[in-house]
Amino acid sequence: GARDGGRSDAALLVLKAGLVYSKQKDADAAFALLDRAQSLAPDSLDVVATRASVLQGCGRADEARTLLDALVDRRGDGQAYQLRARYFSATEQFDLAERDLVHASKMDQASPESFSALARFHEDRGKRREAIATLDAGLRQHATNPELQRGLMNVLLSSQDSTERERGRGL
């Protein structure tokens, strides 16, 4: 209905804002587009993510951090923590990124995505045992989730350890 149209219009405005900033470095135009998108989709994580990215890109890192902190305070859900963790990773604040990803994976209703994100974070930093433990924990809560199953299988099959590879083949 009309609501869906607003969301898809907002998504297009977010895309356009990202392009305007990345191609033309016009932060004011990007912010104007993001303001319009936010009016159509007030709870859009994409609007916040793009706004934070533009703020960071134009040297306003403190404002980007404040925006993401406010999002986490307001929503307090795994998606908000994951978004802030992506920002921390992109700005090489890996301890803070890990803290947010761990928090998201330990929430009462932690989503499979929160476990996958934390496992990828560990794997990207060469922490394979932590990645396996995270995926195992995720599968204890979401036993049939294909993303977690594939993630665990891939980590195990790419291991140098024959026991881990054998376990991966058995999945």
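This passage walks through a predicted model of an all-helix protein, from its overall make-up down to single residues.

Let's begin with the whole chain. The protein has 10 helices and zero strands, and reading from the N terminus the elements simply run α-α-α-α-α-α-α-α-α-α. Its C-alpha trace spans about 55 × 40 × 30 Å along the principal axes. Of the 171 residues, 39% are buried. Contacts can also be sorted by how far apart the partners sit in the sequence: among contacts with a separation of 6 or more, 39% join residues 24 or more positions apart.

Helix α7 is a good place to look more carefully. This helix covers residues 112–124, so to speak a run of 13 residues, and reaches 18 Å from its first C-alpha to its last. That is close to the 18 Å expected at 1.5 Å a residue. Quite a list of its residues is buried: P112, S114, F115, S116, A117, L118, A119, F121 and H122. What do these buried residues of α7 pack against? Their partners are α5 (78–90), α6 (94–105), α8 and α9. Just after the helix comes G126, which takes a positive phi of about 75°.

One residue of α7 deserves its own look, namely H122. Is H122 buried or exposed? With a relative accessible area of 4%, H122 falls under the 20% cut-off and therefore counts as buried. Setting aside the neighbours within four places in sequence, H122 is in contact with E98, K127, E130, A131 and T134. Of these, E98 belongs to the stretch 94–105, that is, to α6, while E130, A131 and T134 fall within residues 128–141, the span of α8.

Next comes the pairing of α7 with α9. The two axes come within 9 Å of each other and cross at roughly 20°. Angles under 35 degrees count as roughly parallel, so α7 and α9 are roughly parallel to each other. The crossing is left-handed. On the α7 side the contact involves P112, E113, F115, S116, R120 and E123, and these meet E147, L148 and V155 in α9. Sorted by type, the residues of this contact come out as four nonpolar, one polar and four charged.

Helix α9 (residues 146–157) also meets α8 (residues 128–141). Here, too, the axes come within 9 Å, but the crossing angle is roughly 155°. Since angles over 145 degrees count as roughly antiparallel, α8 is roughly antiparallel to α9. This crossing is left-handed as well. The residues that make the contact are R128, I132, L135, D136, G138 and L139 on α8, together with L148, Q149, G151, L152, V155 and L156 on α9. They divide into seven nonpolar, three polar and two charged. L148 and V155 turn up in this list, and they also appear on the α9 side of the contact with α7.

Now for the loops, where a couple of residues have a backbone worth pointing out. Most residues other than glycine have a negative phi. K25, however, has a positive phi of about 55° although it is not a glycine. This lysine is found in the loop between α1 and α2 (27–40), and at 55% relative accessibility it counts as exposed. E92 does something similar, with a positive phi of about 60° despite not being a glycine. It sits in the loop between α5 and α6. Is E92 buried or exposed? Its relative accessible area is 62%, so E92 is exposed.

Another loop residue is G59, which lies between α3 (45–57) and α4 (61–75). G59 is exposed, with a relative accessible area of 63%. How far apart are G59 and A104 in space? Their C-alpha atoms are 28 Å apart, and the two residues are 45 residues apart in sequence.

Finally, there is A11, back in helix α1 (residues 2–24). Its relative accessibility is 39%, which lies between the 20% and 50% cut-offs, so A11 counts as partly exposed. A11 and R128 are 117 residues apart in sequence, and 36 Å apart in space, C-alpha to C-alpha. R128 has already appeared above, as one of the α8 residues in the contact with α9.

Key:
Residues are numbered from 1 along each chain as its sequence is written. This is a predicted model: local features need pLDDT of at least 70, side-chain atom pairs count only at pLDDT 80 or more; totals for chains, interfaces and linings use all residues. Side-chain values use heavy atoms; hydrogens and water are left out. Axes are lines fitted to C-alpha atoms, for helices over the stretch in contact, and angles run from 0 to 180 degrees between N-to-C directions. Helices (H or I, at least four residues) and strands (E, at least two) are DSSP runs, numbered from the N terminus. Angles under 35 degrees count as roughly parallel, over 145 as roughly antiparallel, 65 to 115 as roughly perpendicular and the rest as oblique. A crossing is left-handed if the near helix is turned anticlockwise from the far one by less than a right angle, and right-handed if clockwise. Contact means heavy atoms within 4.5 Å. Ala, Val, Leu, Ile, Met, Phe, Trp, Tyr, Cys and Pro count as nonpolar, Asp, Glu, Lys and Arg as charged, and the others, Gly among them, as polar. The expected span of a helix is 1.5 Å times one less than its number of residues. Buried means under 20% relative accessible area, exposed over 50%, partly exposed in between (1.4 Å probe, protein chains only).
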